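Thank you all for making time this morning. I would like to take you through one model, and I will try to be careful about what can and cannot be said from it.

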Amino acid sequence: MSDQSVKKGESGFLATLKGSPSTDEFIKGLWKDNPVFVQVLGMCPVLAVSNTAINALAMGLATTFVMLMSNILVSSLRNFIPKQVRIASYILIIATFVTITDYMIAFISVELHKALGAFISLIVVNCLILSRAEAFASKNTIGKSILDALGMGVGFTFALFCLGAVREILGNGTFFDMAILPGSFQEWIVMILPAGGFFTLAIWLLIFNAAKAKKATA
Amino acid sequence: MEAMLNRTLNISTSPHITKGSSTDVIMQNVVWALIPVALFAVYSFGMSAFLVIATSVISAVLTEHFLCRISKQESTIGDWSAVITGLLLGLTLPPNFPLWMAFVGGMIAIGLGKFIFGGLGYNVFNPALVGRAVLQAAFPVAITTWFPAFGEGRFTSVSVSTFTAPFMEPAVDGFTGATPLSAFKFDNVTADSMELALGQITGSTGETCALLIILGGIYLAARKMMDWKIPVAILATVFALSGILYLVDSQAYPSPVFMLFSGGLMLGAVFMATDMVASPMTTLGVVVYGAIIGLLTVVIRIWGGLPEGVMYAILLANAISPHIDKMIRPRVYGTTKKKASA
């Protein structure tokens, strides 16, 4: 990795940043192992709460927060948790932070809390968070686990935002509740309905896979 | 002797006798069968209907050509199947439908309904109905705004909503009519059977004249280009079920004749449910498939929230037709039926 970046003529800080293993842990969640577009994990919140950009962003950030905290705790307790009860312990840790998030969102905005509804509590069962705890945090140091959670969280938020922005603009003619299209714009009602979530996700997956295939052949 | 030895021998596998009815010949015949229906649509609804049908045909063909190009395949527009998809889609849309929406519908029908599954022969659903289902979900108001038939000046002027700018909301006509089905659903008024059969009513461009649709179906069935058992099974089921309901309570339920000739049932049964790819293969399978469509149509029309249910009935039956084929397998010649207890 570092050889390649040096060859390309990059030097100094950027080269060390690109080559260092810690940045790899962060970057992989954004693109190579993007939780939504590559791993296709956590589809329940992705499809259900991506109907507007603000909902998508809030859900992404809430998930990132829970993932960050659970990764830290799981990683720091990785030598104390008995193997037999590890999943139950991880769920307990995750559930604790989901409850905190639930109250935090209710405190910040009651409207947002209402819009996200049961999906805040359902972060507990988001397989993305459990998979990071099981596959990464339980085997790596706290520092690496933080970077991993941040990378995956940002990747997840980015993907949710991609869906939410398209669905809100086409389905409602607005972006972050601001009207950005002329008043006579015809809303595509299907986009804010559940079916629109599947359509939009499929189109984004198509674009990402096409981009990856192009990169692989180039 | 010399001549016989020098002659090249042609060695080929069966079939040795061909009828010459390749895909494009069949597809062309379906187009001929649909032409009278389309012409009647233009006659009864005028310029607007012509533009809607033309737009969806052009859109379907262009999308097919473009998708073949970007996937680096030989263009398949020569097999006429895209023309049929566009034509059928256009015939299921209201005559005053905005043209840009019809264009989007054609793109979705070919792209989502056919190309994503691998093109002609691999489509799970009838492509035209996929296009219409998405349009119905995306633009529920525009697709249920009807235009009266035989309006004055229908050949010289178009509906105000026809030329809506792309992505803009269509203006609402001052004179929109109700279809016989929605009139029945919401106001409990039934239309005259003769008017229904001859297309003196409002509705989607191509669904109004049941007689021409039946004639087209008979032509295709006579040339063995369509499985006549499918429409017969659908229509018989609808007739029987609505007949029973009508006998139980003739006030609350519509007459079976009204059920047969109203809405898109004829068009759907004759031209859409008979999609060769998306329907079952065995005789018994076809009958089961037709009965399911008929049953769902009656259930959606009478107890559902929507006035018309043929589209969803056909799409649902398309989805289960591989399962019908799996369950109903013809006995292999020369074998005996396997015992169930074994």
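**A buried helix in chain B, and a helix pair in chain A**

Let me begin with helix α4 of chain B, residues 81-92, which has twelve residues and reaches 17 Å from its first C-alpha to its last, close to the 16 Å expected at 1.5 Å a residue. Please keep in mind throughout that this is a predicted model.

Twelve of the twelve residues of α4(B) are buried, so this helix is largely enclosed by the rest of the structure. The buried residues run from B:S81, B:A82 and B:V83 through to B:G90, B:L91 and B:T92, and they include B:G86 and B:L87. What covers them? Within chain B, the cover includes α2 (23-45), α3 (47-70), α5 (99-111), α6 (127-138) and α12 (265-272).

Two of those covering helices, α2(B) and α3(B), also pack against each other, at an angle of about 145 degrees and with their axes 6 Å apart. On the α2(B) side the contact is made by B:A38, B:A41, B:V42 and B:F45, while α3(B) contributes B:S48, B:A49, B:F50 and B:I53. By class, that contact has seven nonpolar residues, one polar residue and no charged residues.

Let me now turn to chain A, whose secondary structure comes to eleven helices and two strands. Read along the sequence, the pattern is α-α-α-α-α-α-α-α-α-β-β-α-α. The C-alpha trace of chain A spans about 55 × 45 × 25 Å along its principal axes, and of its 218 residues, 36% count as buried. Among contacts in chain A between residues at least 6 apart in sequence, 74% join residues at least 24 apart.

The helix I would like to dwell on here is α9(A), residues 142-172. Its 31 residues should span 45 Å at 1.5 Å a residue, and its end C-alpha atoms are 42 Å apart, which agrees. Because 22 of those 31 residues are buried, α9(A) is largely enclosed by the rest of the structure. Just after α9(A) comes A:G173, which takes a positive phi of about 75 degrees.

How does α9(A) sit against α3(A), and at what angle do the two pack? Helix α3 of chain A, residues 21-30, packs with α9(A) at an angle of about 20 degrees, with their axes 6 Å apart. The two helices are therefore roughly parallel to each other, and α3(A) passes α9(A) in a right-handed crossing. By class, their contact has eight nonpolar, four polar and four charged residues. Among the residues that meet there are A:I27, A:K28 and A:L30 from α3(A), and A:D148, A:M152 and A:F158 from α9(A).

One residue of α9(A) deserves a closer look, and that is A:L147. Is A:L147 buried or exposed? With 23 C-beta neighbours inside 10 Å, where 20 are enough, A:L147 counts as buried. Leaving aside residues up to four places away in sequence, A:L147 touches A:S22, A:E25 and A:F26, and these three belong to the α3(A) side of the helix contact. The C-alpha atoms of A:L147 and A:L68 are separated by 8.5 Å, although these residues are 79 apart along the chain.

Finally, let me bring the two chains together. Eight residues of chain B are in contact with eight residues of chain A. By class, the side of chain B that touches chain A has seven nonpolar residues, no polar residues and one charged residue.

How values were computed
Residues numbered from 1 in each chain as written. Chains lettered and ligands numbered in written order. Predicted model: local features only at pLDDT ≥ 70, side-chain atom pairs only at ≥ 80, totals over all residues. Contact = placed C-beta atoms within 7 Å. Nonpolar A, V, L, I, M, F, W, Y, C, P; charged D, E, K, R; others polar. Helix = DSSP H or I, 4+ residues; strand = E, 2+ residues; numbered from the N terminus. Expected span 1.5 Å × (residues − 1). Axes fitted to C-alpha atoms, helices over the stretch in contact; angles between N-to-C directions. Parallel < 35°, antiparallel > 145°, perpendicular 65-115°, else oblique. Left-handed = near helix turned anticlockwise from the far one by under 90°.
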